[in-house]
Amino acid sequence: MSTMIHRTIRIENADKQSNIGQLCITTYSPQERTSRAIKILALLWGLAIVTLFIPLAHFVLVPGFLIAGPIIAYKRYQMAEHPSTADGECPTCKQPSSIHLEPSDTLPMWTYCSTNNDPVQLIDYPQGEADTTSA
Ligand SMILES: [Zn+2]
């Protein structure tokens with residue numbers, strides 16, 4: 001099963017008021033990454049078989065799912081960890097907030113507080129090692 005790790009982040013609003021929060025990151029072991037990749041491959045190739053019976057659409061869908069299968073499975077295998085939630089007190093409304101994150105989300109990012117939809121920015125909190133990978 002996947003494990004959760006926590007990282008300290010800063011939750012900041014447009015007025016530069018900020019609070020310390022916690023980012024929950026889901027991490028996968030190599031076995032989990034393999035099984036996740038196999039599951040998505042099975043699903044997409046299964047869809048390729050199902051769409052085989054749809055007239056005309058099968059000319060597009062079947063090769064599409066057959067090609068997408070290994071590509072998406074490979075991407076899933078490469079994903080060793082992804083953010084799941086950001087918890088902390090919203091700097092605007094002062095309410096505890098738990099913000100759901102998409103696996104593709106990367107910090108820093110703008111989002112909305114889960115309580116009152118205040119715009120807030122989630123920022124990596126500087127910790128010893130300089131993990132500021134500026135692209
Ligand atoms: Zn708020």
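This is a short walk through the model, from its two domains down to a few unusual backbone spots.

Okay, so first off, keep in mind that this is a predicted model. The chain splits into two domains: domain 1 takes residues 3-28 plus 80-124, and domain 2 takes 31-78. Their C-alpha centres sit 33 Å apart.

Let's start with the sheet. What order do the strands come in? There are 6 of them, in an open sheet, and the order is E4-E3-E2-E1-E6-E5, with antiparallel pairing. At the edges you find E4 and E5, the latter being residues 109-112, and each of them has a single partner strand, so one side of each has no neighbour in the sheet. If you look at neighbouring strands here, they are turned against each other by 35 degrees on average, ignoring direction.

Now some of the pairs. E2, residues 18-27, runs antiparallel to E3, and 7 bridges join the two. If you want a landmark there, find Gln22, which stands opposite Asp87 in E3. Moving along, E3 covers residues 81-89 and pairs with E4 in the antiparallel sense over 5 bridges. A landmark for that pair is Glu89, whose bridge partner in E4 is Pro96. The hairpin of E3 and E4 has 6 residues between the strands, and Lys94 in that hairpin takes a positive phi near 60 degrees.

Stay with E4 for a second, residues 96-100. Which of its side chains are buried? Ser97 and Ile99 are, and they point to one face, while Pro96, Ser98 and His100 point to the other and are not buried. As background, side chains in a regular strand alternate between the two faces of the sheet.

Ile99 comes up again in the largest nonpolar core, which has 9 residues: Ile9, Ile11, Leu23, Ala86, Cys90, Ile99, Cys113, Val120 and Leu122. Strand E1, residues 3-13, and strand E6, residues 119-124, each supply at least two of the core residues. Pick out Ile9 and look around: leaving aside residues up to four places away in sequence, Ile9 touches Gly21, Gln22, Leu23, Ala86, Leu107, Leu122, Ile123, Asp124 and Tyr125.

Over to the helices. H1 is residues 30-51 and H2 is residues 58-78; their axes come within 8 Å and cross at roughly 180 degrees. So H1 is roughly antiparallel to H2. Plenty of side chains to look at here: on the H1 side the contact includes Ile40, Leu41, Leu44 and Trp45, and on the H2 side it includes Leu61, Val62, Phe65 and Leu66.

Last bit, the loops. Where do we find a cis peptide bond? Between Leu107 and Pro108, with omega at about -5 degrees. Pro108 is in the loop between E4 and E5.

Then there are two more positive phi values. Lys16, in the loop between E1 and E2, has phi near 65 degrees, and this residue is not a glycine. Is Lys16 buried or exposed? Exposed, because there are 8 C-beta neighbours inside 10 Å. Leu56, in the loop between H1 and H2, is not a glycine either and has a positive phi of about 60 degrees. Leu56 counts as exposed too, because there are 7 C-beta neighbours inside 10 Å.

How values were computed. Residues are numbered from 1 along each chain as its sequence is written. This is a predicted model: local features need pLDDT of at least 70, side-chain atom pairs count only at pLDDT 80 or more; totals for chains, interfaces and linings use all residues. Domain bounds come from an automatic or database domain assignment. A residue is buried if 20 or more other C-beta atoms lie within 10 Å of its own, exposed if 12 or fewer, and partly exposed in between; C-beta atoms are placed from the backbone. Helices (H or I, at least four residues) and strands (E, at least two) are DSSP runs, numbered from the N terminus. Two strands pair if DSSP finds at least two bridges between them. A nonpolar core is a set of buried Ala, Val, Leu, Ile, Met, Phe, Trp, Tyr and Cys residues joined through C-beta atoms within 7 Å. Two residues are in contact if their C-beta atoms, placed from the backbone, lie within 7 Å. Axes are lines fitted to C-alpha atoms, for helices over the stretch in contact, and angles run from 0 to 180 degrees between N-to-C directions. Angles under 35 degrees count as roughly parallel, over 145 as roughly antiparallel, 65 to 115 as roughly perpendicular and the rest as oblique.
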